[in-house]
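Please read these points with the model open beside you. They go element by element, then out to the whole chain.

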Amino acid sequence: MAINLRRLRAFVTVAETRSVTLAAQRMHLTPPAVTKGVRELEVELGVELFRRTASGMFLTSSGEAYHLHARKALAELERGREEVRLITGGAGGRVRLGATSETTMHVLPIALGRLIEQRPQMEVSMAGSVFDTLVSEVRTGKIDFFLGVVPPDGLSSDLVAEPLYADEVQVIARCGHPLARRKKLGLADLAPYRWALSVSRGPIDRLLRASYEQQGLDFPENSIVIMPLTPMRSILSHSNLIAAATRVRMMEETVLGQLVALPLKLPETRHVVSIVRGREDYLSPWAKELIALLREVAAESNVAV
């Protein structure tokens with residue numbers, strides 16, 4: 001069956017907007033033209049792709065399955081167009097990547113800085129989110145790859161993870177914190193102080209709680225939950241709160257001189273940050289170039305695995 005790109009784009013756009021009218025506006029077509037494209041695709045496939053309701057167009061189970069492949073197909077075609085433009089001396093290319101919150105410091109920004117320095121015309125977009133959301137964006141072709149800590153239950157067979165660097169969790173506080181003057185600490189010594197924790201409950205939070213559990217201690221319930229966009233550094237700098245951060249992140253904080261890692265070794269918090277992508281996905285030359293720079297920075301920082 002020949003693929004009709006007009007129908008494919010109509011289907012994907014309606015799926016994203018849940019509206020024929022909005023899809024038509026985005027595609028610069030008339031609503032009847034969009035409806036016709038979707039209907040023709042449903043006839044070709046022999047299934048209904050949408051549930052048509054008064055509140056919008058919603059994918060059926062068949063539509064959800066097809067949308068994953070259709071979105072990815074269009075993304076691959078766009079990547080092909082970009083590569084042709086590069087070969088013929090056009091624009092500087094594009095990289096779309098993602099990163100979970102614990103991977104956005106030191107290695108990633110340095111690598112991005114080098115890429116932009118080497119290719120001033122390069123267009124770079126980065127999606128910051130939780131692991132499961134970034135998995136979905138890789139599968140649909142919205143991003144080329146992402147950095148994250150693979151969960152304990154692993155990845156599905158359609159994904160592959162390349163270990164990039166090893167990290168561990170540290171307890172951090174402001175430089176003048178009362179605990180910063182101590183030479184050695186245990187988890188029990190932290191009891192008088194409140195924790196500032198991320199609302200996302202990511203791998204750092206999970207590893208921290210596992211350390212308490214391993215030592216037979218209850219995790220403090222008087223923690224303060226910090227929203228993702230809250231300036232954690234400022235909050236810690238003006239209080240006696242303590243928080244958890246990765247050793248790689250503290251490479252940046254040490255330079256800024258506002259926060260310090262407390263002299264406490266947390267057991268079982270070592271983890272590996274990996275490059276996650278689709279197993280069968282094609283990587284553009286620019287994505288490969290950024291991955292090479294990530295490996296380079298990790299090696300220079302003595303954290304590569």
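1. Helix H1 has 13 residues, and its first and last C-alpha atoms lie 18 Å apart. That is close to the 18 Å expected at 1.5 Å a residue. Keep in mind that this is a predicted model.

2. Which residues of H1 are buried? Arg7, Leu8, Ala10, Phe11, Val12, Thr13, Val14, Ala15 and Thr17 are. Note that Arg7 is on that list. An α-helix has 3.6 residues a turn, so residues three or four places apart point the same way.

3. Look next at the two ends of H1. Asparagine 4 caps the N-terminal end. One of its side-chain oxygens sits 3.0 Å from the backbone nitrogen of arginine 6. Just after H1, arginine 18 has a positive phi of about 60 degrees.

4. Isoleucine 3 is in the segment before H1. Is isoleucine 3 buried or exposed? It is exposed, at a relative accessible area of 64%. The cut-off for exposed is over 50%, so isoleucine 3 qualifies. Together with Leu5 and Leu77, Ile3 makes a nonpolar surface patch. The accessible area of the three adds up to about 280 Å².

5. Now the charged pairs. The whole structure holds 18 salt bridges. One of them joins the side chains of arginine 6 and glutamate 40, at 3.0 Å from N to O. Arginine 6 belongs to helix H1 and glutamate 40 to helix H3 (residues 31-45), so this pair ties together parts that are 34 residues apart in sequence.

6. The two partners differ in cover. Arginine 6 is partly exposed, with a relative accessible area of 36%. Glutamate 40 counts as buried, at 19%. The cut-off for buried is under 20%, so glutamate 40 falls on the buried side.

7. A second bridge involves H3. The side chains of glutamate 42 and arginine 52 meet at 2.9 Å, N to O. Glutamate 42 lies in helix H3 and arginine 52 in strand S1 (residues 50-53), so the pair links parts 10 residues apart in sequence. Glutamate 42 is buried, with a relative accessible area of 6%. Arginine 52 is partly exposed, at 35%.

8. A third bridge pairs arginine 247 with glutamate 168. Their closest N and O atoms are 3.6 Å apart. What parts of the chain does this pair link? Arginine 247 is in helix H9 (residues 247-256). Glutamate 168 is in the loop between strand S6 (159-167) and strand S7 (169-174). The two residues are 79 apart, and the pair links distant parts of the chain. Arginine 247 is partly exposed, at 29% relative accessibility.

9. Some bridges share partners. Arg6, Arg7, Lys36, Glu40 and Glu44 are joined in this way into one network.

10. Threonine 246 is in strand S10 (residues 242-246). How is it placed, buried or exposed? Threonine 246 is buried, at 3% relative accessibility. Its side chain makes a polar contact with the side chain of aspartate 167, at 3.1 Å. Leaving out residues up to four places away in sequence, threonine 246 touches Glu102, Asp167, Glu168, Gln170, Ile204 and His271. Glu168 in that list is also the salt-bridge partner of arginine 247.

11. Aspartate 132 sits in helix H6 (residues 131-139). Aspartate 132 is exposed, with a relative accessible area of 61%. Its C-alpha lies 9.8 Å from that of proline 151. The two residues are 19 apart in sequence.

12. Finally, the whole chain. The protein has 10 helices and 12 strands. Its C-alpha trace spans about 70 × 50 × 35 Å along the principal axes. Of its 305 residues, 43% count as buried. The protein exposes about 15700 Å², and carbon and sulfur atoms supply 54% of that.

13. How do contacts spread along the sequence? Take the contacts between residues at least 6 apart in sequence. Of these, 76% join residues at least 24 apart. The bridge between arginine 247 and glutamate 168, 79 residues apart, is one pair to inspect here.

Key:
Residues numbered from 1 in each chain as written. Predicted model: local features only at pLDDT ≥ 70, side-chain atom pairs only at ≥ 80, totals over all residues. Heavy atoms only, no water. Patch = residues over 30% accessible without salt bridge, like charges linked within 9 Å, V, L, I, M, F, W, Y side chains within 5 Å. Areas by Shrake-Rupley, 256 points an atom, 1.4 Å probe, with all protein chains shown as cover. Salt bridge = Lys/Arg side-chain N within 4 Å of Asp/Glu carboxyl O. Helix = DSSP H or I, 4+ residues; strand = E, 2+ residues; numbered from the N terminus. Buried < 20%, exposed > 50% of the residue type's maximum accessible area, 1.4 Å probe, protein only. Polar contact = N/O pair within 3.5 Å; in protein donor to acceptor, adjacent residues only side chain to side chain. Contact = heavy atoms within 4.5 Å. Expected span 1.5 Å × (residues − 1).
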